[in-house]
Amino acid sequence: MYQNIADGDLVIMRLKNSHFYLGRVDGKAKYIQRFSVNGANRLSWGCNVKEWFEFENEEELPSDIIGRFSQRYHSTIQRVANNKLKIMIIASYERASKTTEFNIPKPLLNQDNFVTSLNYMELEDLVSQFIYERHYKEGYILLPSSCKINKQNYEFSFVSVNRNPITCQVKNQSDDIIPNEYNDEKSYDKIYLFSGKWKDEDIDKYRKEYVGTNIYIISKEELYNELMKNSYLKAKLEKFYDI
């Protein structure tokens, strides 16, 4: 893979400090002789970069890029094949380097594609905002410790005095939810479910099937409307998208 890197290619990496670094390759990659490069005793291949641009936190990059690094399994080096992701990386480089070689406009974000523009953590945050807006007058608050407990079927819990808790399950495009698996969970006042894979007809079918139960199926329209409120997530997305 290193041998395929060409002069002028863009490379991006994340270090153990959780900072991201984006740069442009200067020349071709080469095999490193360990005795000839100071401090390279753990390296076998490498390449020169004209200048590294540092992004200190996840607020400075689109979620498309952050999500790519959040995948569980990675090889040492991977080529970016997804065209949307390529465009986001090029645009991030041009913002950081103050260059306009490609002058890429912001991509459009709307109700049809907003789910794929959020990483799984942001999607969970948006659902928690949706639940809070519907139940805060009943005294419900998010229990932060519940987010850290490994519950296969639930993301987190909202609690209120003298009421059963409220919980949810959230999936993006990679996984589906089977609402029937939650049908016998009577200890929760409400169970909110959202899957980015569901089509409108799926949502309509599930809503009819579970009307009158403690299961609530969230539609993309509802979640998008929540996003369009004066929210933190909307302000972040506006840095990188035309909404």
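**Exercise 1. Determine what share of the contacts with a separation of 6 or more comes from residues 24 or more positions apart.**

Solution. The model is predicted. Take the contacts in the protein with a separation of 6 or more; residues 24 or more positions apart account for 57% of them. Next, add the overall frame. The secondary structure comes to six helices and ten strands. Along the principal axes, the C-alpha atoms fill a box of roughly 70 × 40 × 30 Å. Of the 243 residues, 37% count as buried. About 15,000 Å² is exposed, and carbon and sulfur atoms supply 47% of that area.

**Exercise 2. Find the largest nonpolar core and the helix that gives the most to it.**

Solution. Start with the count: this core has 38 residues. The residues with the most contacts inside it are Phe114, Ile131, Tyr192, Ile218, Leu223 and Leu227. Helix α3, residues 120-135, gives the most, with five residues. A separate second core has twelve residues, including Ile177, Tyr182, Leu193 and Tyr206.

Now zoom in on Ile218. Set aside its neighbours within four places in sequence. Its contacts are then Val127, Phe130, Tyr192, Leu193, Phe194, Ile203, Arg207 and Leu223.

**Exercise 3. Work out how many residues of helix α5 are buried, and what they pack against.**

Solution. Helix α5 spans residues 220-227. Six of its eight residues are buried, so the helix is mostly covered, given a limit of under 20% relative accessible area. The buried ones are Lys220, Glu222, Leu223, Tyr224, Glu226 and Leu227. They pack against α3, β9 (190-195), α4 (200-209), β10 (215-217) and α6 (232-237).

**Exercise 4. Count the salt bridges, then place three of them in the chain.**

Solution. The count comes to six. Side chains of opposite charge can pair when their charged atoms come close.

- Step one: Glu122 and Lys236. Their closest N and O atoms are 2.6 Å apart. The pair links distant parts of the chain, with Glu122 in helix α3 and Lys236 in helix α6, 114 residues apart. Glu122 is buried, at 6% relative accessible area. Lys236 also counts as buried, at 6%.
- Step two: Glu138 and Arg163. Here the closest N and O atoms are 3.9 Å apart. Glu138 sits in the loop between α3 and β6 (141-143), and Arg163 in the loop between β7 (157-159) and β8 (166-171), 25 residues apart. Glu138 is partly exposed, at 30%. Arg163 is partly exposed too, at 44%.
- Step three: Glu222 and Arg207. These side chains meet at 2.5 Å, N to O. Glu222 lies in helix α5 and Arg207 in helix α4, so the bridge ties together parts 15 residues apart in sequence. Arg207 is partly exposed, with a relative accessible area of 30%.

**Exercise 5. Explain why Cys147 and Cys168 form no disulfide.**

Solution. A disulfide is a covalent bond between the sulfur atoms of two cysteines. The cut-off is 2.5 Å between the sulfurs. The cysteine sulfur closest to that of Cys147 is in Cys168, 8.7 Å away, so it is too far for a bond. The disulfide count comes to zero. The two sites can also be placed by accessibility. Cys147 is partly exposed, at 41%, whereas Cys168 is buried, at 0%.

**Exercise 6. Identify the residues of the nonpolar surface patch of about 260 Å².**

Solution. Met13, Leu15 and Trp52 make this patch. Locate Trp52: this residue is found in strand β5, residues 49-55. Then check its exposure. Trp52 has 38% relative accessibility, so it counts as partly exposed.

How values were computed: Residues numbered from 1 in each chain as written. Predicted model: local features only at pLDDT ≥ 70, side-chain atom pairs only at ≥ 80, totals over all residues. Heavy atoms only, no water. Core = buried A, V, L, I, M, F, W, Y, C linked by side-chain atoms within 4.5 Å. Buried < 20%, exposed > 50% of the residue type's maximum accessible area, 1.4 Å probe, protein only. Helix = DSSP H or I, 4+ residues; strand = E, 2+ residues; numbered from the N terminus. Contact = heavy atoms within 4.5 Å. Patch = residues over 30% accessible without salt bridge, like charges linked within 9 Å, V, L, I, M, F, W, Y side chains within 5 Å. Areas by Shrake-Rupley, 256 points an atom, 1.4 Å probe, with all protein chains shown as cover. Salt bridge = Lys/Arg side-chain N within 4 Å of Asp/Glu carboxyl O.
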